[in-house]
Amino acid sequence: MTGGFAVEAEWRIYSKRADFNGIGNRFNIDPVVARVIRNRDIEGEDAIEKFLYGTLDSCYDGSLMKDMEKGISIISGKIDEGVPIRIVGDYDVDGVTSTYILYDAMRNLGADVSYDIPHRVTDGYGINVRIIDAAYGDGVDTIITCDNGIAAFDAINRAKELGMTVVVTDHHEIQEHIPDADAVIDPHQAEDEYPFKAICGAEVAYKFIKCLYAHRNASLDDRKYIEFVALATYCDVMPLLDENRIYVREGMKKLKATENKGLRALVSACGLSEAVISGYHLGFMLGPCINTAGRIGSAKEALELFIERDETECAGKAGKLKENNDSRKKMTEDGTALAIEKIEAEGYDSNQVIVVYLENVHESLAGIIAGKVKEHFYRPSIVFTDSDDKEILKGSGRSIDDYNLFEGLTEVKDILAKFGGHKLAAGLSVERKRLGELRDALNENAHLTVQQLTPKLMIDVPMPLRYVSMPLIEQLSALEPFGAANPKPLFAEAGLKIRSLYIYGKRGNVININVEDSRGGRFTIKSFDPDSVVEDIKKWFTDEVCDKMLEGVDTGAKVDIAYQPDINEYRGDRTIQFLLRHMRKHMEG
């Protein structure tokens, strides 16, 4: 079961049909690559063409969004009037980048513009009455939100009571109704004609700015801000399909050449100046540094990095974000271990929806821990921590594909003090005394089947190792960026005989699984989790057999391997390597 799930994953092979040879001939790609593309639900020549070769010109016009023209007219008029405008974002990557895009672009138009970002601990998610009152006290005339606002009924009502103008730009799911703002721009609204709904807040902000510049006949380079849109799209786990894929791909190309000195300094602080930027770098290196500012400090620190123009200051600010993120990693590891221990001890791992409260864990880490709990148990998971109000617990949830977390919380909204989010992620709060009631209600309503609660290991193609070639790997790499809805292709071969195991590396952190196929071909599969490999081998074939394998003795034991091919470059040499993703005991017949 090597691969990290606490429950056995079910191996499945995609069975989607198409003329793979015909597609291969039409686009000059291997039929295996054509099959992977079809597995991503990309059908028809136009869609395949866009997936492979789409450009920024292929992306949609933001004016198709409901209220876009109304919002543009309002903000353009306020710029002309010279009245103070305040942008209110949010404390994650999407919120920070959205705020930066709006602030920088409007400032360049001569707007009297300022910004505010809620503090994760003292404010919670999104705009609130305190932020409205503070803006009013500062003489602000107009509020424009980004990556939040669609559920901010009390805050927006307060702003209207004070005579303020409010424009909402957001991308989250709509609750029962929309707030009473002067313009509400969110592609999830009824009657909204924007053709691709699954976009992040930064993309909505970017579309808003493009439309604003067009309205004012101002010049704006199409590639301006796309590296920020790429960061937000990837880190907010938006599906990497359609225009999202284009923005992330093109944004990654621009990232190292960005004109933004702060972002360039962050790339350097993360040691990526010489790297070819990939989705991994966005989601697991750069993004977490930005997120950490909002988790253990203030998200304004990340925003100030992007606004800063002095290179020395940028280097210092970026270095601090990197150091804080390194500290956060250790806190997250400890919190995750505590959560798993408590869930198992109290029997929550048998629940369909896991709800756990953790003492002495910083509330800013709840979302990350919830994600790791979800991955471990393959259950929708909500982690609660203490808040400043002793009677209120604050939580963050992450979900599996077969459970819409936002809908699940909507069904129990009478129990909750506050909530918001979308299908796979949400933030919420509940009275401490009602935590058990919430857990019971969510589980009573879930109705998830055993099948839905079993992780699926989706194999793109059952492909023999001997079929893999350099040209095939290079073609597969053209399908990047990999991420949500476009995972890195996974292949498998069954019935491989293990000839030997070899553990190496300075810390013994790499293991080679030397295998032989049915035709006598010999290959090496590499894993960076030797402990799991050895544990599974012992479980399937006994300790004695495992010891023999480690001594180089061919025992005849067979396994099925799920792998990803890659190119290893070392001192100018390029060789094919196979990376282990999952392994199971081979069952004959």
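**Note on the predicted model: I343, the second largest pocket and aromatic pairs**

1. I343 is buried, its relative accessible area being 0%. This value, like those that follow, comes from a predicted model. The cut-off for a buried residue is under 20% relative accessible area, so at 0% I343 falls within that class.

2. I343 belongs to helix α14, which covers residues 311-345. Once neighbours within four places in sequence are set aside, the contacts of I343 are Y348, D349, I354, V356, V373 and F377. With respect to Y125, I343 is separated by 218 residues in sequence, and the C-alpha to C-alpha distance between the two is 26 Å.

3. The second largest pocket holds about 210 Å³ of space. Its lining is made up of 16 residues, of which Y100, D104, K224, E259 and N260 are the closest to the pocket centre. By class, eight of the lining residues are charged, five are nonpolar and three are polar.

4. Three helices each contribute at least two residues to the lining of the second largest pocket: α5 (93-108), α9 (226-235) and α13 (300-307). The largest share comes from α5, with four residues.

5. Two of the residues closest to the centre of this pocket, Y100 and K224, also appear in ring interactions. Y100 is joined through ring pairs to a cluster that also includes Y225, F228 and F306. K224 lies over the face of Y225, at 5.1 Å from the ring centre.

6. A second case of a charge over a ring concerns R245 and F51. The charged end of R245 is placed over the F51 ring, 3.9 Å from the centre of that ring.

7. Across the whole structure, a search returns 14 aromatic pairs. In one of them, Y563 with F578, the ring centres are 5.5 Å apart and the planes stand at 85 degrees, so the pair is edge-to-face. The cut-off for that class is an angle of over 60 degrees between the planes.

8. How far apart in sequence are the parts that the pair of Y563 and F578 ties together? Y563 lies in strand β16 (residues 558-570) and F578 in strand β17 (residues 573-585), so the pair ties together parts that are 15 residues apart in sequence. Both Y563 and F578 are buried.

Technical notes. Residues are numbered from 1 along each chain as its sequence is written. This is a predicted model: local features need pLDDT of at least 70, side-chain atom pairs count only at pLDDT 80 or more; totals for chains, interfaces and linings use all residues. Side-chain values use heavy atoms; hydrogens and water are left out. Buried means under 20% relative accessible area, exposed over 50%, partly exposed in between (1.4 Å probe, protein chains only). Contact means heavy atoms within 4.5 Å. On a 1 Å grid over the protein atoms alone, a cavity is a set of points where a 1.4 Å probe fits but cannot get out, and a pocket is an open set with protein on both sides within 12 Å along at least five of seven lines; lining residues have an atom within 4 Å of a point. Grid points are joined across faces, edges and corners, and a volume is the space filled by probe spheres set on the points. Ala, Val, Leu, Ile, Met, Phe, Trp, Tyr, Cys and Pro count as nonpolar, Asp, Glu, Lys and Arg as charged, and the others, Gly among them, as polar. Rings of Phe, Tyr and Trp (its six-membered ring) pair if their centres lie within 6.5 Å; planes under 30 degrees apart count as stacked, over 60 as edge-to-face and the rest as tilted. A charge sits over a ring if NZ of Lys or CZ of Arg is within 6 Å of the ring centre and within 35 degrees of the ring normal.
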